[in-house]
Amino acid sequence: MAAAVAAAAALGGGLLLAAWRWLRAARGSAAGAAASAASMRGKTVIITGANSGLGRAAAAELLRMRARVIMGCRDRARAERAAREIRAEVGEPAAGEGGGELLVRELDLASLRSVRAFCHRVLQEEPRLDVLINNAGIFQCPYMKTEDGFEMQFGVNHLGHFLLTNLLLGLLKNSAPSRIVVVSSKLYKYGEINFEDLNSEISYNKSFCYSRSKLANILFARELARRLEGTGVTVNSLHPGIVRTNLGRHVNIPLLAKPLFNLVSWAFFKTPLEGAQTSIYLASSPDVEGVSGKYFGDCKEEELLPKAMDDLVARKLWDISEVMVGLLK
């Protein structure tokens, strides 16, 4: 009898989870359809980390909206494979329709040399840049350093994108109205900007350092928005929610717990397409034309904690970052 009750409960729970998942997927599909109704024809978009997860989903949807999408990726072979898959999914534009192009360019945000080479090529080849989506990231990795000696999470998530954005600012200004979209995380709430140990050489906690890099993303976006007032270039940051991607590849889950984790993630985590909706919205929606310096989640503006709105910390972080990436000597 007890076994039968347990089985019935498990079955009922499974059906409820399936129904919940179906409803989430339906809402995501509706949001995607609404976004796809907009047109990005004639616009050029750069997405970092576009070969998987949120970046891949955003690339596919913006290509569907007929944008010229440049995938900035570290692993060129994986990026080319992802690009072929995206083209197969989205399809080629109909004859005479125009627009819709997908390009792969090598970009390793853990190397300032690679960032500079990527930007040099973009400036040589692209007459305009309408949207820059700073999407790539690394999550809670063991302590390691970038090519230039920076702690990996701070180096990739903040400094690499800081240099990338600054080197492309001239093109973005010349293409105005244009947009910069910065992908952060709700986990910024657990981070602090410790100017005495930005490189985590005194102590390293992988969770704290990830949160710090995401707080740095928001402070960077706010300070950049302030500096770009009146230029026609807008800057907004966002959190995608909890998404099923390979970002957590450095997180160890006990073998016995994996089946439960997989079930929970399937039921409650967003798909990459669902998670990418806010990035797509900020990149394409006329609703946010001219909106700048804000923080979004689920395609709606959200409040920030005071530490993420500290203008003095944002300016100091900017000044130090300029020196760290070599923009100032």
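Here are some friendly notes on the salt bridges in this predicted model, with a look at one arginine at the end.

1. Let me start with the overall tally. The count of salt bridges comes to 19. Side chains of opposite charge can pair when their charged atoms come close. The points below pick out some of these pairs and one network.

2. A good place to begin is Arg-68, which forms a salt bridge with Glu-101, with 2.5 Å between the closest N and O atoms. This pair ties together distant parts of the chain: Arg-68 sits in strand S2 (residues 68-73) and Glu-101 in strand S3 (residues 101-106), 33 residues apart. How accessible are the two partners? Arg-68 has a relative accessible area of 23%, and Glu-101 has one of 36%. Because buried means under 20% and exposed means over 50%, Arg-68 counts as partly exposed, and Glu-101 is likewise partly exposed.

3. Next, have a look at Glu-147 and Arg-113. Their salt bridge has its closest N and O atoms 2.9 Å apart. Here too, distant parts of the chain are linked: Glu-147 lies in the loop between strand S4 (131-134) and helix H5 (152-174), while Arg-113 belongs to helix H4 (residues 112-125), 34 residues apart. Glu-147 is partly exposed, at 48% relative accessible area, whereas Arg-113 is exposed, at 55%.

4. Loops supply both partners of another pair. Lys-270 and Asp-298 meet through their side chains in a salt bridge of 2.5 Å, N to O. Lys-270 is in the loop between helix H7 (258-268) and helix H8 (272-275), and Asp-298 is in the loop between strand S7 (295-297) and strand S8 (300-301); the two are 28 residues apart and link distant parts of the chain. Is each partner buried or exposed? Lys-270 is buried, with a relative accessible area of 12%, but Asp-298 is partly exposed, at 40%.

5. Salt bridges can also share partners, and that happens here. Glu-223, Arg-226, Arg-227, Arg-315 and Asp-319 are joined into one network in this way. It is worth selecting these five residues together in your viewer.

6. Finally, a word on Arg-56, found in helix H2 (residues 53-64). Why does Arg-56 count as buried? Its relative accessibility is 18%, and the cut-off for buried is under 20%, so Arg-56 falls on the buried side. Leaving aside residues up to four places away in sequence, Arg-56 touches Gly-49, Ala-50, Asn-51, Ala-82, Glu-85, Ile-86 and Glu-89.

Note on methods. Residues are numbered from 1 along each chain as its sequence is written. This is a predicted model: local features need pLDDT of at least 70, side-chain atom pairs count only at pLDDT 80 or more; totals for chains, interfaces and linings use all residues. Side-chain values use heavy atoms; hydrogens and water are left out. A salt bridge is a side-chain nitrogen of Lys or Arg within 4 Å of a carboxyl oxygen of Asp or Glu. Helices (H or I, at least four residues) and strands (E, at least two) are DSSP runs, numbered from the N terminus. Buried means under 20% relative accessible area, exposed over 50%, partly exposed in between (1.4 Å probe, protein chains only). Contact means heavy atoms within 4.5 Å.
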